[in-house]
Amino acid sequence: MSVRVRRVHEPPEPADGVRVLVDRLWPRGLSKDAARIDEWPKALTPSTELRRWYHAGEGSYEEFAERYEAELDDPEAAELLDHIRESARNGDVTLLTASKTPEQSHATVLVRLLES
């Protein structure tokens, strides 16, 4: 299983495999042609409320990760997570985010859950 995280503004690479945008909002300044997104499962992204809470600096990354994992218990999100896990079993998957610090974002939480 190969799942990695990249910034969506980086040029696509052949090793990306299936390119999955894991942000709720489309990245600013990026055309859909340039992004080459294969999937955009919005139900798998953090809720608007959680995203705003985290970006306001009201809590730690650890608390954000816990709250986000709780959101992923939603049946639709769990089904999408299983779909991406299955895609990763069949080839490479790259989770794409506009976050400037992907290692402190929801994408890292997704990778951990996909690999478990």
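Q: Which helix lies across β1, β2 and β3, running at about 135° to β3?
A: The model is predicted, so to speak plainly, local features need pLDDT of at least 70, side-chain atom pairs count only at pLDDT 80 or more, and totals for chains, interfaces and linings use all residues. Residues are numbered from 1 along each chain as its sequence is written, and side-chain values use heavy atoms, leaving out hydrogens and water. Helices (H or I, at least four residues) and strands (E, at least two) are DSSP runs numbered from the N terminus, while axes are lines fitted to C-alpha atoms, for helices over the stretch in contact, with angles from 0 to 180 degrees between N-to-C directions. The helix lying across β1, β2 and β3 at that angle to β3 is α4 (residues 75-90).

Q: What is the strand order of the open sheet?
A: Strands of a sheet pair through backbone hydrogen bonds, either parallel or antiparallel. Here two strands count as paired if DSSP finds at least two bridges between them, and the pairing in this open sheet of three strands is parallel. The edge strands, each pairing on one side only, are β1 (2-7) and β2 (18-21). The order is β1-β3-β2.

Q: How many bridges join β1 to strand β3?
A: β1 and β3 (residues 92-97) run parallel. Val5 has Leu95 as its bridge partner in β3, and Arg6 stands opposite Leu96. The number of bridges between β1 and β3 is six.

Q: Over how many bridges do β2 and β3 pair?
A: β2 also pairs with β3 in the parallel sense. Leu21 stands opposite Leu96 in β3. The number of bridges between β2 and β3 is four.

Q: What angle does the direction of helix α5 make with that of β3?
A: Helix α5 (residues 106-115) packs on the sheet. It touches β1 and β3, where contact means heavy atoms within 4.5 Å. The angle between the directions of α5 and β3 is about 155°.

Q: Which element gives the largest share of the largest nonpolar core?
A: A nonpolar core is a set of buried Ala, Val, Leu, Ile, Met, Phe, Trp, Tyr and Cys residues joined through side-chain atoms within 4.5 Å; buried means under 20% relative accessible area, exposed over 50%, and partly exposed in between (1.4 Å probe, protein chains only). This core has 24 residues, and the elements giving two or more of them are α2 (48-55), α3 (61-71), α4, β3 and α5. With six residues, the largest share comes from α5.

Q: Which two residues touch the most other members of the largest nonpolar core?
A: Leu110 touches Val22, Leu44, Tyr68, Leu72, Leu81 and Leu95, not counting residues up to four places away in sequence. Strand β3 is mostly covered, with five of its six residues buried. The two residues that touch the most other core members are Leu95 and Leu110.

Q: Within what arc do the buried residues of α2 fall, seen down its axis?
A: The buried residues of α2 are Leu50, Trp53 and Tyr54, and what covers them includes α3. The face turned away from that buried side carries the exposed Arg52 and His55. The arc is that of the directions from the helix axis to the C-beta atoms. The buried residues line one face of the helix, because they fall within an arc of 95°.

Q: Why does Pro12 count as partly exposed?
A: Pro12 is found in the loop between β1 and β2. Leaving aside neighbours within four places in sequence, Pro12 is in contact with Arg6, Arg19, Ala34, Ala35 and Arg36. Pro12 counts as partly exposed because its relative accessibility is 25%.

Q: How far apart in space are Gly17 and Asp38, C-alpha to C-alpha?
A: Gly17 is another residue of the loop between β1 and β2, and it is partly exposed, with a relative accessible area of 39%. Its contacts, leaving aside neighbours within four places in sequence, are with Asp38 and Asp92. Gly17 and Asp38 are 21 residues apart in sequence, and their C-alpha separation is 9.3 Å.

Q: Where is confidence highest in the chain?
A: pLDDT is the predictor's confidence in each residue, from 0 to 100. The chain has a mean of 93, and 99% of its residues reach 70 or more. Confidence is lowest in helix α1 (residues 32-35), at a mean of 90, whereas the highest, at 97, is in β2.
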